[in-house]
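Student: I am new to this structure and should be grateful for a close look at a single part of it. Would you please describe that part in one connected account?

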Amino acid sequence: MKKIRWGILGTGSIATQFSSALKALEDCSIAAVASRSAERAEKFAKEFQIEKAYAGYEALIKDPDIDVVYIGLHHTEHKEMAKLCLEHKKAVLCEKPFTLNSKDTKQLIDIAKENKVFLMEAMWTKFLPATKRIKKWIDEGRIGKVLHIRASFGFCFEFDYNHRLFNPDLGGGALLDLGVYPITYATYLLNRLPDKIYSSAIMGKSGVDEQNVILLHYNDGTLADLSTALCAQLGSDALIFGEKGYIKVEKFFKADSAFLYDNNLQCVEAFKEPYIVNGYEYEAAEVNRCLREGLLESPINPLQSTLDVMNIMDEIRMQWGLVYPQELK
Ligand SMILES: NC(=O)c1ccc[n+]([C@@H]2O[C@H](COP(=O)([O-])OP(=O)(O)OC[C@H]3O[C@@H](n4cnc5c(N)ncnc54)[C@H](OP(=O)(O)O)[C@@H]3O)[C@@H](O)[C@H]2O)c1
């Protein structure tokens with residue numbers, strides 16, 4: 001079996017974690033890495049025994065020996081780099097949030113379709129064995145109709161205007177970085193879009209949301225109560241309440257376990273499965289599978305669901321009046 005050859009854009013925190021996961025998969029290899037700095041690319045290549053180290057992203061994208069490019073760059077770089085990859089017929093796995101807004105996401109989807117190239121948002125939570133089990137419990141009706149989802153995701157980061165989390169020029173704010181997880185989670189588990197969206201945010205010194213609450217209202221009787229923060233340790237647990245019971249998930253975004261309870265608060269089933277590496281191997285394996293099967297998108301994380309979540313985030317930002325400098329150009 002010919003190995004799928006990955007190219008890695010960026011040498012930062014997530015590119016490092018993702019590359020560790022890729023190294024554990026037998027049906028692929030990391031063929032090249034690219035950084036803005038030759039020194040960083042070489043250091044990264046040495047760490048992961050990668051043959052080619054490029055100074056500059058474009059050289060990697062143009063390398064004919066690369067099948068798929070992983071984009072582990074800041075949010076604001078995603079669109080242009082993904083566009084360039086797709087135009088060069090390279091399959092793309094792009095970090096979350098996919099782009100700054102739905103207009104850019106739609107544009108990438110159109111380019112991928114025109115060029116008949118695989119494209120996927122790196123929403124790794126969807127591919128975790130624990131998430132798959134939770135989805136199965138729900139779809140099998142183990143908790144009956146889902147009535148209420150509660151999910152929070154928040155950390156206490158020290159304010160730093162120049163950091164990507166706070167800097168508006170780099171797409172800062174809790175919503176784009178963290179909020180994308182619970183919104184994706186709720187819409188994925190419910191398998192439908194909300195009828196109404198309510199939200200509130202506290203804007204910080206740099207003008208981006210440092211914390212927010214989001215309420216997704218479904219007219220057929222379901223509510224999702226979601227909150228994210230850059231300035232408070234909210235934990236990252238999820239509770240999914242149904243007519244017949246509920247599911248408890250610790251650290252839902254990276255869960256390796258889940259617990260099913262009945263309405264008498266008795267745990268009736270526990271799921272626990274340690275990762276093979278660090279959790280990113282499951283999304284990578286899905287990309288490899290899709291490429292081998294000639295799929296242009298993943299049935300688990302289709303492009304329409306990425307677009308749906310971006311539309312929800314656009315609506316939420318509109319409610320707050322949060323516009324990024326790139327959107328004013
Ligand atoms: N899936 C997940 O669990 C997860 C976790 C964390 C982050 N992420 C996402 O991954 C992306 C990167 O986050 P990260 O935490 O890895 O960030 P990071 O550590 O700061 O790394 C980002 C990389 O982007 C490159 N870059 C390009 N333009 C840059 C600029 N103007 N300033 C600084 N760096 C620039 C740099 O690579 P070179 O200098 O080598 O070119 C840098 O190493 C974000 O979109 C984030 O939302 C996902």
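Tutor:

**The annotated N-terminal domain**

In an unreviewed entry, UniProt lists residues 4-121 as "domain: Gfo/Idh/MocA-like oxidoreductase N-terminal"; UniProt positions are given in the numbering used here, feature names are shortened, and annotations may be inferred rather than shown by experiment. The model is predicted: local features need pLDDT of at least 70, side-chain atom pairs count only at pLDDT 80 or more, and totals for chains, interfaces and linings use all residues. Residues are numbered from 1 along each chain as its sequence is written, and side-chain values use heavy atoms, with hydrogens and water left out.

Over residues 4-121, helix makes up 46% of the chain and strand 25%, while the end C-alpha atoms are 18 Å apart. Helices (H or I, at least four residues) and strands (E, at least two) are DSSP runs, numbered from the N terminus.

One residue to examine here is Asp 27, which is found in the loop between helix H1 (13-23) and strand S2 (28-35). With a relative accessible area of 18%, Asp 27 is buried; buried means under 20% relative accessible area, exposed over 50%, and partly exposed in between (1.4 Å probe, protein chains only). Apart from neighbours within four places in sequence, Asp 27 is in contact (heavy atoms within 4.5 Å) with Met 1, Lys 2, Lys 3, Ile 4, Asn 288 and Arg 292. With Asn 288, the Asp 27 side chain makes a side-chain polar contact at 3.1 Å. A polar contact is a pair of N or O atoms within 3.5 Å; within protein, one must be able to donate a hydrogen and the other to accept it, and residues adjacent in sequence count only if both atoms are side-chain atoms.

Attention now turns to a pair of helices. The axes of helix H4 (residues 75-87) and helix H5 (residues 102-115) come within 9 Å and cross at roughly 10°. Axes are lines fitted to C-alpha atoms, for helices over the stretch in contact, and angles run from 0 to 180 degrees between N-to-C directions. H4 and H5 are therefore roughly parallel to each other, a term for angles under 35 degrees. On the H4 side, Lys 79, Ala 82, Lys 83, Leu 86 and Glu 87 make the contact; Asp 104, Gln 107, Leu 108, Ile 111, Ala 112 and Asn 115 do so from H5. By class, the residues of this contact between H4 and H5 are five nonpolar, two polar and four charged. Here Ala, Val, Leu, Ile, Met, Phe, Trp, Tyr, Cys and Pro count as nonpolar, Asp, Glu, Lys and Arg as charged, and the others, Gly among them, as polar.

Methods:
Parallel < 35°, antiparallel > 145°, perpendicular 65-115°, else oblique.
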